[in-house]
Amino acid sequence: DHRDLHSFPTRALPISSDNTVRVRLERYEAERRHTVAAGLELVMGAPPSDDLVDSMWALTGPEVFTKLTGDRGWSLERYRAWLVEVGLALLGTRPR
């Protein structure tokens, strides 16, 4: 259930004084950014720019997901459609 992701404590982790938590979050975000870059390279057939990777990495983060589906009440389907639309716009492509 996607609502389980709302419990991901993204707002509290960056200010945590617990070094273990901070290191874990940094590793998670580095791995997530690497996954985004690899996915973009597969879609584009070439390495993406750092700006494109950063943009998609930020848009696909748990904070944005939580803001839209939790705080704003978007359905998972609406979030997915929005993410596809924004992703295609970043790639310079429009849906058919």
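These legends go with a set of close-up views of a predicted model.

**View 1. The whole chain is built from helices.**
Start by stepping back for a moment. The protein chain has 4 helices and 0 strands, so if you follow the sequence from start to end, the pattern reads α-α-α-α. Of the 96 residues in the chain, 25% are buried. Now think about which parts of the chain touch: among contacts with a separation of 6 or more, 49% join residues that sit 24 or more positions apart.

**View 2. Helices H1 and H2 cross.**
Two packed helices are described by the angle between their axes and the distance between the axes. Here, the axes of H1 and H2 (residues 50–59) come within 9 Å and cross at roughly 120°. The crossing is right-handed. Which residues make the contact? From H1, look for Glu29, Arg32, Arg33, Val36, Ala37, Leu40 and Met44. From H2, the partners are Asp50, Leu52, Val53, Asp54, Met56 and Trp57. Sorted by class, this contact has 8 nonpolar residues, 5 charged ones and no polar ones.

**View 3. Trp57 meets residues from another part of the sequence.**
Zoom in on Trp57, which lies in helix H2. Is Trp57 buried, exposed or partly exposed? Its relative accessible area is 26%, so Trp57 counts as partly exposed; the buried class stops under 20%. Skipping its neighbours within four places in sequence, Trp57 is in contact with Glu29, Arg32, Arg33 and Val36. Take Arg33 as an example: Arg33 and Trp57 are 24 residues apart in sequence, yet 5.6 Å apart in space, going from C-alpha to C-alpha.

**View 4. Glu29 is a buried charged residue.**
Glu29 has its place in helix H1. Is Glu29 buried or exposed? With a relative accessibility of 13%, Glu29 counts as buried, because the limit for that label is under 20%. Leave aside the neighbours within four places in sequence, and Glu29 is in contact with Trp57 and Pro62. You've already met Trp57 as part of H2, while Pro62 is one of the buried residues of helix H3.

**View 5. Helix H3 packs with its buried residues.**
Helix H3 covers residues 62–71. Its buried residues are Pro62, Phe65, Thr66, Leu68 and Thr69. What do they pack against? They pack against H1 and H4. An α-helix has 3.6 residues a turn, so residues three or four places apart point the same way. Just after H3, have a look at Gly73: this residue takes a positive phi of about 75°.

**View 6. The largest pocket has no charged residues in its lining.**
The largest pocket has a volume of about 180 Å³. Which helices each supply at least two residues of the lining? Helix H1 (19–44) and helix H4 (76–91) do. The residues to look for are Thr35, Val36, Gly39, Leu40, Val43, Met56, Thr60, Leu83, Val84, Gly87, Leu88 and Leu91. By class, the lining divides into 8 nonpolar, 4 polar and no charged residues. Some names should look familiar: Val36, Leu40 and Met56 line the pocket and also take part in the contact between H1 and H2.

Conventions. Residues are numbered from 1 along each chain as its sequence is written. This is a predicted model: local features need pLDDT of at least 70, side-chain atom pairs count only at pLDDT 80 or more; totals for chains, interfaces and linings use all residues. Side-chain values use heavy atoms; hydrogens and water are left out. On a 1 Å grid over the protein atoms alone, a cavity is a set of points where a 1.4 Å probe fits but cannot get out, and a pocket is an open set with protein on both sides within 12 Å along at least five of seven lines; lining residues have an atom within 4 Å of a point. Grid points are joined across faces, edges and corners, and a volume is the space filled by probe spheres set on the points. Ala, Val, Leu, Ile, Met, Phe, Trp, Tyr, Cys and Pro count as nonpolar, Asp, Glu, Lys and Arg as charged, and the others, Gly among them, as polar. Axes are lines fitted to C-alpha atoms, for helices over the stretch in contact, and angles run from 0 to 180 degrees between N-to-C directions. A crossing is left-handed if the near helix is turned anticlockwise from the far one by less than a right angle, and right-handed if clockwise. Contact means heavy atoms within 4.5 Å. Buried means under 20% relative accessible area, exposed over 50%, partly exposed in between (1.4 Å probe, protein chains only).
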